[in-house]
Amino acid sequence: MEIAEELAKQQKAISVAEFFEKNRQILGFDSAPRALITCVKEAVDNSLDACEEAGILPDIFVQIRKSGEYFQVIVEDNGPGIVPEEIPPIFAKLLYGSRFHSLRQSRGQQGIGISAGVLYSQLTSGKPTRVISKIAPDRPAYYCELMINTSKNEPEIIRAEEVDWERPRGTRVEMEMEGSYVRSRRQSVYGSLKSAAIVNPHARITLVEPEGNAEIFERVTENLPKKAYAIQPHPEGIELGELIKLLRYTEKKRLRIFLKETFSSIGTITAQELCKRADLDPERSPAGLDHEEAVRLLSAFKQIRVKSPPVDCLSPISEELIRAGLEKEFRLDFIATTTRPVSVYSGNPFLIEVGLGYGGELTKEGRVEILRFANRVPLVYQQGACAITHAVESVSWRNYSLSQPGGSGVPTGPAVLLVHIASTNIPFTSESKDAVADMPEILAEVDLGLKEVARKLRRYLGRESLLAERREKEEIIRKILPRIAKKLSDVLDRPEPNIGPVVARIMGNLLVSRESEQQDGRISVRLVVENHSDLIRSFKLHELLGERAEAVSPPAKVIPLGDGYDHHWKLSIGPGKKATISYQIGANGKEPAEPVVEGLEPEIVTGARVI
Amino acid sequence: MSSERPGTDPRSKRAEENLLRLAESLYNQFQRGVVPHISLPSRTKSNIEFSSRDDVWVYGDQETMRSVKTVRGAKTLLKTVHLTELLIDEHLKNNRGSTLREIYYISENWDIAKFNEQAESDRLIEDMEIVTNLHREDFHVRPEEDGAAVFGPLRLKEQTRRGEKQMHCQEDVGEAGYQIPFNVDNIEFISHDAQLVMAVETGGMYARLIENGFDEEYKAILVHIKGQPARSTRRIIKRLNTELDLPVVVFTDGDPWSYRIFASIAYGAIKSAHLSEHLVTPKARFLGVQPSDIVDYNLSTDKLTDKDLQALKSELSDPRFANPYWERQIRLQIDLKKKAEQQAFAGKGLDFVTKTYLPERLAEMGII
């Protein structure tokens, strides 16, 4: 026998269950605390998906119980239930699911999650998973105990029976496994459910911890998220292999019909246009296209601009609910949110939503917390490997009033960032769904979303600091300075000093002061106008005198007015500069009234009346 | 220095004048339209420099400005003016005084000028000392803590509120010794028969030395410094050293905190560097317990804690300890990882410290 033939005998197909049995880290079961979190997360995701599809407000009960040396994980929902024949494959067959072939946003995608939990449970505790499900109040509940036959990747039913169950409908799953329960950090069952509650404000989630302590994450809205509809693939970014596959297996007989019906956002006119550019007969059979023709068709896709995919395949959280979710879990002074328009990567529509919370009870030190979500599922692990984190790191936060040591990286300060990516197909870096891959289109959209909320934050902080400065100055001027002046006059036994000039300086005001002295039987008057602001001030200064003044410098315009004369000067004084005006009147002249300034706001003038 | 007619003694007069000058400068700033402010030397470790003229540590040239442009600055100036009024009208004009703590409580009535904590009023009084170039004793402000007690062959005269009192610090005092007043400058030394001044950290050792008659046998003036020395304690040590020309030795526990006690007597403290010339005794010498004594006399010890070690290491980078003697001793102690109390000598018998250790150390230092 030839060596190749010898070797051929050893070749053997590997069951997917066996593969995952040996590579459990890929599915997120690499450590004892993490295994518990992943199991709970997968079960809760399924419950949320099922409730949303059935239009039911989710009410999910999670309990973690110590059972000997193992932990028991119980997740129960009020969803539509599962028909008995579907229960074994859903829970005990890997890669079995309803969503893999559909282009629609959902939490689960591949049909691995919960069956991986069942596999992990059976590997570590050797015990079967118990499932109860009921699909209608007048039907009995179905109970079964399941294990996975790993060499065949097929469910094995250990026991099955009809039972009574008090719930009208819903599903309950119980698994026992090795694990370790931690609290008090984000990477915990508590933390991941808290995050899930933020982006699923329509759900009520109850958690009973091993010590018996119960936490309820209450729902804040009765509105279900908008239902996401399945759509056809979008032509933008589609790959050649995918296109050839679609061409070969389509039932459509004509190319133009194929184009219109297989892809989203392509109408009759666009289909004609595509055929023309690819130099293909629109009436040809799609299956008959050869490789070179498929390449031409693909390049035609790239030449024309196809409109964005329809939004209704996606279900964003909405700005209003992001705000409500952040308000619910943090005490904040300021919240900014944004929803980006739908965009496309590799033919998959996606949409980015960003929320930013600031101030309140968030700690001032330390890095900003980033809450990452993909299709409403919190991403807890591998923050550093995620496109969302990378986009956060590459924004210049210093431009937006947040500190960022070294000018790059995650910013620091009392803020929290929430980024949600919704897509028919989230490009995760691995099957454990911890991190979103760095697709350029996604990075760009997250970047734009972050900058939008950051601009809102900058505006808010700018306003706040102006207000704070104003308040501080008001306090000095109204409360402190008069008291200092009063005390000084007490101590020194002198009249109270005039605080006007100091007030003008502190407020950056225009200060008008007038001195007069007797000279050779006449009164010499000197007006000094100081500009303490950092802007040029242009205005008119009026002196209402009982007579025409003499020796006026600089010259004034004089207008007779009833019983006197209005003298006025047009002045323009630069920042920090001053102007001096002098004139003389007769010794018997009436004491002129307060000088008058025309053309400025009253708040910025000290020592003169403003008209 | 009679004080029968309030406000007439020349020191109070000068204090009042200096305080009024401070108020006047603020008043004039208002009149001239200048934003009212006070400049002060900045009181940080980085602004402490060695004055080779007096061999003490004093403030350098860095200044901080306190102006009414900020709420904090404005409030501090308001408090300064309130305090000025208190010191002039209540203290100096009526020849009365308050403790630092009392001043903090008095400010309760000052509305928004009230001190938030005593540390704040204490700091402001130090600032006023710097601005007016006076000492808080001149404003009749006294500390809470007791000053030192003194025991030894010294005759002195104290100006008290109830007249002049004369006493001898061995014959006219009880076992605890003569309690010095907070204002040491009210004392006048008359005569003495001493050959050295010994500052002693703990009450236990102070009592042991008196019981054993050490003060008589070695003609020593014993000063009980009671932990971190108060200003008055440092002042009397300084005066005994300069006016009576007596050598000063400091006898403390053998741990890093006690070395700092010695440093504040001999080199000065950061918080009161403006008073260094007044309070610091650069000629004071460290007697013990030295780390090398732990080895030489085989003393009972405790292990150094992490905090002790940290303190020793920070002393190695403290400019005040930057000389070969301290470097050798501190490094030795870090190696030993041990510390010893003064009273550890009792393990060798109650007379050991006075019959053996102190005579040996004093001879080694060339004092007897």
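Q: In this predicted model, what percentage of the area that chain A exposes do carbon and sulfur atoms supply?
A: Because the model is predicted, the total for a chain is taken over all of its residues. The area that chain A exposes comes to about 29,000 Å². Of that area, the part supplied by carbon and sulfur atoms is 48%.

Q: Which helix gives the most residues to the largest nonpolar core?
A: The largest nonpolar core holds 123 residues, and the members that touch the most others are A:Leu481, A:Ile484, B:Met198 and B:Phe251, named here from both chain A and chain B. The greatest contribution to this core, 10 residues, comes from residues 71–92 of chain B, which form helix H2.

Q: How many residues are in the other core, which includes A:Ile37 and A:Val118?
A: This core lies apart from the largest one, and A:Val173 and A:Ile205 are also among its members. Its count of residues is 44.

Q: Which three residues of chain B supply 30% of the area that chain B buries against chain A?
A: Where the two chains meet, 28 residues of chain B are in contact with 23 residues of chain A. Together the chains bury about 2,300 Å², with 75% of it on carbon and sulfur atoms. On the side of chain B, no other three residues supply more of the area buried against chain A than B:Tyr27, B:Phe30 and B:Val71.

Q: Which residue of chain A meets B:Asp111 in a salt bridge?
A: Between chain B and chain A the count is 4 salt bridges. In one that involves the side chain of B:Asp111, the N to O distance is 2.6 Å, and the partner is A:Arg483.

Key:
Residues numbered from 1 in each chain as written. Chains lettered and ligands numbered in written order. Predicted model: local features only at pLDDT ≥ 70, side-chain atom pairs only at ≥ 80, totals over all residues. Heavy atoms only, no water. Areas by Shrake-Rupley, 256 points an atom, 1.4 Å probe, with all protein chains shown as cover. Core = buried A, V, L, I, M, F, W, Y, C linked by side-chain atoms within 4.5 Å. Buried < 20%, exposed > 50% of the residue type's maximum accessible area, 1.4 Å probe, protein only. Helix = DSSP H or I, 4+ residues; strand = E, 2+ residues; numbered from the N terminus. Contact = heavy atoms within 4.5 Å. Buried area = accessible area lost by both parts, 1.4 Å probe.
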